[in-house]
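Work through the following exercises with the sequence and the model in view, and try each task before reading its solution.

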Amino acid sequence: MSEFKFHAPDEYRKNAWIKTMDEYKQMYDQSIEKPEEFWTQMADQFYWEKRWDSVRDYNYSISKGPINIEWFKGGKTNITYNCLDRHLKDRGDQTALIWEGNSIGEDREISYKELYEMVCQFANVLKSKGVQKGDRVAIYMPMIPELAVTMLACARIGAIHSIVFGGFSADALSNRILDSLCKVLVTSDGVMRGAKAVPLKGNADTAMDLCEKQGHLVECCVVVNRTGSEVEMKQGRDVWWHEQIQAQSMDCPVEWMDAEDPLFILYTSGSTGTPKGVQHNVGGYMVYTGITFRYIFDYHDNDIYWCTADIGWVTGHSYIVYGPLSQGATSIMFEGVPNYPDPGRFWATVDKWKVNQFYTAPTAIRALMAQGEQWVEKYDLSSLRLLGSVGEPINPEAWKWYFKHVGKERCPIVDTWWQTETGGIMITALPYAIDQKPGSATLPFFGVNPVLLNEEGKPLEGACDGILAIQEPWPGQMRTVYNNHERFEKVYFQMFDGYYFAGDGCRRDEDGYYWITGRVDDVINVSGHRMGTAEVESALVSHKEVAEAAVIGFPHDIKGQGIYAFVTLNVSATPSDELLSQLKLHVRKEIGPIATPDIIHFAPALPKTRSGKIMRRILRKIATDEFDSLGDISTLADPEVVGSLIENHKELT
Ligand code: PRX
């Protein structure tokens with residue numbers, strides 16, 4: 001299978017934006033050799049109230065001074081003007097968003113004109129609550145149209161949105177609100193999950209209380225009525241969305257933003273410490289997400305495009321909302337889950353809306369693959385022209401299944417490698433120009449200059465295995481960690497001077513194709529959700545019975561990686577099934593259900609060096625059953641401990 005290369009059918013190539021490898025190479029070379037010229041041509045396709053003074057300015061080397069990345073400096077624009085206003089004349093009645101609700105038959109088509117009006121109206125609500133340019137607004141919502149409306153309303157008036165995935169706990173939400181001192185929180189009464197309504201406002205209340213205890217007052221909480229569940233509304237703070245919009249006009253002038261003004265903050269996990277507030281700025285992010293969207297998904301007028309991500313993650317920000325809307329696309333927003341009411345839901349939805357481009361995550365593909373192809377075969381998927389994958393390496397088995405049963409061996413698959421930090425897709429096939437190999441993200445997008453480094457930071461040539469880094473900025477790159485530029489420099493630029501350090505390992509083959517091999521740091525990827533092992537550890541040790549914890553990722557058939565926690569207890573505590581459930585619950589409360597450990601191993605002790613450092617390398621080997629390659633354990637303070645860990649592990653699995 002690794003030798004297999006897929007060349008998309010000519011019938012699709014005819015109308016493609018980029019038709020051949022030669023065309024790709026020519027544009028790619030121009031983008032690298034003359035980046036300013038290339039990105040000027042791209043940025044010219046957007047509306048600017050005032051043109052920029054310089055295309056890019058940057059310093060990528062800590063040794064030369066502070067890290068600095070600027071694109072289109074001096075330019076003034078507004079991303080919502082580009083996503084909404086400029087389409088009104090020609091496509092006001094065209095559907096901008098198709099909302100496919102949780103239950104079958106529950107849907108809504110929202111035209112560009114309607115979306116424009118909804119955004120203006122809510123922007124006026126925000127203004128009436130005193131929100132001004134530069135203020136932070138937290139958003140904690142399910143996948144309902146009001147979520148997209150809130151983002152765009154913030155962007156329209158220059159407020160900075162900070163979306164917190166609805167699956168995060170009250171604690172996680174409060175930490176994020178506090179870090180950026182959000183003034184307003186927009187949420188909903190509840191979330192529909194399968195056949196049930198799950199409360200959400202209660203979490204928001206707890207989070208706001210926690211903030212208040214820390215001395216930060218969320219001034220206003222706007223609540224959307226989604227499930228009709230009972231909620232407490234705190235007088236003077238909480239208001240209903242539907243009541244607030246009534247009095248507001250459907251006109252709201254845009255705030256002209258500097259290209260380098262912040263657009264949003266999105267928290268993401270790293271190796272150490274609390275999640276970082278990744279900050280993206282207006283101009284570069286707008287250009288990069290719009291352009292990548294158009295070329296990579298080969299989007300043309302009248303296409304129906306569907307990205308199944310949650311807007312709580314970067315994929316939803318860039319490729320459900322901003323990228324598609326700036327290109328005047330019709331983008332589907334799906335509230336539900338892949339297996340409700342049955343495992344045919346994705347395919348029924350593709351059939352229902354005649355979807356042309358479908359973009360999802362390997363974990364979803366693996367889960368659906370396990371249910372059998374009968375769920376796919378029931379539906380007419382002939383509208384599909386392109387498939388996409390994102391979030392983690394796609395294993396060739398899943399690739400093959402996706403290709404065969406969903407794409408019917410005629411649709412190219414774009415395996416897109418990127419990160420919250422990169423704003424948009426970095427390494428990917430262009431579907432009709434670059435042939436695909438299962439499991440490879442293939443080649444860099446325009447303007448992206450990847451290098452593979454060895455451990456000393458020396459660039460490697462030709463076919464090789466190394467650490468993925470990027471030379472020179474691209475417009476969609478994050479600009480800083482919100483309020484903590486030093487951390488930004490330290491995490492991404494200190495390791496290898498002069499390069500952006502991505503945190504992934506990567507192989508390059510003889511054709512120059514890139515194969516992402518996974519993280520080289522202590523970040524794990526569970527069902528495409530990125531998590532710092534340190535975060536889960538700190539959640540575990542905050543339980544009163546836990547003395548120490550070491551968390552690692554292990555291969556998991558469906559999730560890609562599962563969470564394996566080695567836990568030592570305080571002397572007063574004894575391991576039991578009850579304590580095990582308690583610990584799982586505790587992590588859910590501290591972070592959220594996505595961080596629940598799959599395996600908790602009550603360990604008598606952890607393997608440590610004589611200086612007291614936990615030897616994770618050994619734990620990783622134990623968790624993956626590689627007992628024969630533990631390496632040198634003689635440097636351990638107590639080598640005996642390894643034997644008992646192996647015994648316990650065998651009993652557990
Ligand atoms: O390890 C890489 C993996 O996901 C990480 C980024 O996670 P996050 O910031 O949450 O963004 C996910 C969606 C863009 C990367 O460092 N990753 C993402 N896409 C791929 C991938 N690994 C392999 N192949 C991919 N296509």
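**Exercise 1.** Find which polar side-chain atom lies 3.5 Å from an oxygen atom of the ligand, and then look for backbone partners of the ligand's nitrogen atoms.

*Solution.* Begin with asparagine 525, whose side chain places a polar atom 3.5 Å from a ligand oxygen; a polar contact is a pair of N or O atoms within 3.5 Å. Next, turn to the backbone, where an N or O atom of glycine 391 is 3.1 Å from a nitrogen atom of the ligand, and a polar backbone atom of proline 393 is 3.4 Å from a ligand nitrogen. This is a predicted model, in which local features need pLDDT of at least 70 and side-chain atom pairs pLDDT 80 or more, whereas totals for chains, interfaces and linings use all residues. Residues are numbered from 1 along each chain as its sequence is written, and side-chain values use heavy atoms, with hydrogens and water left out.

**Exercise 2.** Determine which residues around the ligand come nearest.

*Solution.* The ligand is surrounded by 17 residues (a heavy atom within 4 Å), and among these Thr416, Thr420, Asp504, Arg519 and Arg530 come nearest.

**Exercise 3.** Decide whether cysteine 182 is buried or exposed, after checking for disulfides.

*Solution.* First, the structure has zero disulfides (pairs of cysteine sulfur atoms within 2.5 Å). For cysteine 182, the nearest cysteine sulfur belongs to cysteine 211 and is 8.3 Å away. Finally, cysteine 182 has 1% relative accessibility and therefore counts as buried, a term that means under 20% relative accessible area (1.4 Å probe, protein chains only).

Terms used. Buried means under 20% relative accessible area, exposed over 50%, partly exposed in between (1.4 Å probe, protein chains only). A polar contact is a pair of N or O atoms within 3.5 Å; within protein, one must be able to donate a hydrogen and the other to accept it, and residues adjacent in sequence count only if both atoms are side-chain atoms.
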